[in-house]
Amino acid sequence: MTDEPAKTLADGSQPATPEALLTRLSHLEITQKTLRHQAVFTVEEAKTLRANLPGGHTKNLFLRNKKGAMWLVTCLEDRQIDLKVLGEKLAAGRFSFGSAARLMQFLGVTPGAVTPFAVINDKARQVTQVLDKGLFDHQLLNFHPLDNCQTTAITAEDLLTFLAAENHAPIILDLAAMENPA
C-alpha cells in the first residue's frame, strides 16, 4: 500500500500529459522552447539549470483557504510572499498550502511540477490563477510543462493567451509589495 495520491482528476479523468500541453500551445500558435533535464523539486535545484534557460524563473504556490477555495500563485522565484497579507488582499482569509492529493485532484500535477500550465486540467475552474506583476518585466518566462523533468519557455504575453484560452483569466498583483520583511 502506498501513500501516493491517485493520479486522476476530480472528475475521474486522466490529467493532460506534457505532450498534450505542448500540442495545445502549438494549436494556440504559442512559440515555446522546452528543455529536458533532471528532475528538480525546489527553486534551489532549478537554479543549477540557469545557463541553459534565459528569462524569468518562477515558483508556484498552490493555496487554499478554510472554505476550500483554491489559488495558484505564480511569482518570481525569489519572492518571499507574506501569505497573511496576500490572503487579505484577495479577501480569501487565511491561506494554507494545498495537499498533494488536492493538487493532483484539481490541477493534475505533483509537488515539484506545479505550473500555471496546470490550469489545462481545471476544466471546472475551481482554482483562481494569480500572477506576480513582476513576471511581466521579463520577455521570456520558464515553467514546468506538467513535469519537473522539463522546463518550457514562453513569452509573458503568450502566458496570458494560454490562460485566457483555458478560461483562467488571472488576477495580476504586485507581489513585491507583499513580501515578508527581510
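**Exercise 1. Work out whether C149 is buried, partly exposed or exposed in this predicted model, and do likewise for C75.**

Start with C149: its relative accessible area is 25%. Buried needs a value under 20%, and exposed needs one over 50%, so C149 lands in the partly exposed class. Now take C75, where the relative accessible area is 0%. That value is under the 20% cut-off, so C75 counts as buried. While you're on cysteines, how many disulfides does the structure hold? Zero.

**Exercise 2. Trace the strand partners of β6 (residues 140-143).**

Go to β2 (residues 56-65) to begin with: two bridges join this strand to β6, and the pair runs parallel. Here H57 sits opposite N142. Next, look at β7 (residues 150-155), which is antiparallel to β6 and joined to it by four bridges. In that pairing, F143 has T152 as its bridge partner. Finally, check the link: β6 and β7 make a hairpin, with six residues between them. In the turn, L146 shows a positive phi of about 75 degrees.

**Exercise 3. Explain why the buried residues of helix α5 (residues 156-165) lie on the same side of the helix.**

First list them: A156, D158, L159, F162 and L163 are buried. They span an arc of only 155 degrees around the axis, so they sit on the same side of α5. The general background is that an α-helix has 3.6 residues a turn, so residues three or four places apart point the same way. Then ask what covers these buried residues of α5. The cover includes α1 (18-27), β5 (127-132), β6 and β7. Last step: just after α5, N167 has a positive phi of about 60 degrees.

Notes. Residues are numbered from 1 along each chain as its sequence is written. This is a predicted model: local features need pLDDT of at least 70, side-chain atom pairs count only at pLDDT 80 or more; totals for chains, interfaces and linings use all residues. Side-chain values use heavy atoms; hydrogens and water are left out. Two strands pair if DSSP finds at least two bridges between them. Buried means under 20% relative accessible area, exposed over 50%, partly exposed in between (1.4 Å probe, protein chains only). The arc is that of the directions from the helix axis to the C-beta atoms. Contact means heavy atoms within 4.5 Å. A disulfide is a pair of cysteine sulfur atoms within 2.5 Å.
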